[in-house]
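Hi,

Here is the structure I said I would pass on. Have a look at it, and then read my notes below.

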Amino acid sequence: MKKIFLVEDDKTISKNLILLLQSEGFTVSHAATQAEAVRMLTEYKFDMALVDISLPDGNGFAVCTEIKQMQNIPVIFLTASGDEASVVTGLNMGADDYITKPFRPRELIARIGAALRKTDRLPIIFDRNGLSVDTASGIVKKNGQEVFLSALEYRLLLVFVNNPKNIITRDKLLDELWDVTGEFVSNNTLTVYIKRLREKIEDDPSKPQIILTVHGTGYRLGGSYAS
């Protein structure tokens, strides 16, 4: 039985989450503050954590750092904030996912399942055409300089990094981005994000070498893995 560590100060949300998770077969340990969360990490072992970004005596970023250092388990941030910078900060600190309140119970359970399935996978270190991606830390660099991507840009890049030998259709990319955001992503929006991502990671965005267009199908990763 998987053990979930819930760090959330809102009593109503915590109660409902605990009931939901227990109904899905998880065991749940709950902390309402940063200090309590750090103490519990020294006493118990968990399989993954759900962490609220806003805590009364600190923040979820500090808790995430402690979790990754002490137990290195998947972390999903719970946030009421629409501030994309907070989400990107969390992902760059090593969080595996995020979900915005109020969230749909089935979506949360699906994200937990996806995070748990990744625990047996080794981190990916991608290095090509001056671009490096460390999926363990979430850090992206171009020619040695850190590149700051939005949450959607980073997840879009990960789709290519995780599928180095495959042609990725636009439909698959739309499905992936829908799964991440829980919001509708149109074909036009996808085109915009591909363009923005290329502007940040390509030497010459007009002649891309990393994310290549496969006309009439989708895209593929350039370099030695591409056929």
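**The cavity, then the sheet**

Searching the whole structure, which is a predicted model, turns up 1 cavity of 30 Å³ or more. The space inside the largest cavity comes to about 70 Å³.

What lines the largest cavity? The residues are Val88, Leu91, Asn92, Gly138, Val140, Glu146, Val147, Leu149, Ser150, Ala151 and Tyr154. Two elements, α4 (84-92) and α6, each give two or more residues to that lining. The largest share is from α4, with 3 residues. Sorted by class, the lining has 7 nonpolar, 3 polar and 1 charged residues.

Helix α6 (residues 151-162) is also worth following to the sheet, as it lies across β12, β13 and β14. Its direction is at about 65° to β14.

Now the sheet itself. It is an open one made of 3 strands, ordered β12-β14-β13, with antiparallel pairing. β12 (167-169) and β13 (211-214) are the edge strands, so to speak the two that each pair on one side only. From one strand to the next, the twist averages 35°.

If you want to zoom in on one pairing, try β13 with strand β14 (residues 218-221): they are antiparallel and share 4 bridges. There you can find Val214 opposite Gly218 in β14.

A second helix to look at is α8 (residues 187-201), which lies across β13 and β14. Helix α8 runs at about 140° to β13.

Cheers

Notes: Residues are numbered from 1 along each chain as its sequence is written. This is a predicted model: local features need pLDDT of at least 70, side-chain atom pairs count only at pLDDT 80 or more; totals for chains, interfaces and linings use all residues. Side-chain values use heavy atoms; hydrogens and water are left out. Two strands pair if DSSP finds at least two bridges between them. Axes are lines fitted to C-alpha atoms, for helices over the stretch in contact, and angles run from 0 to 180 degrees between N-to-C directions. Contact means heavy atoms within 4.5 Å. On a 1 Å grid over the protein atoms alone, a cavity is a set of points where a 1.4 Å probe fits but cannot get out, and a pocket is an open set with protein on both sides within 12 Å along at least five of seven lines; lining residues have an atom within 4 Å of a point. Grid points are joined across faces, edges and corners, and a volume is the space filled by probe spheres set on the points. Ala, Val, Leu, Ile, Met, Phe, Trp, Tyr, Cys and Pro count as nonpolar, Asp, Glu, Lys and Arg as charged, and the others, Gly among them, as polar.
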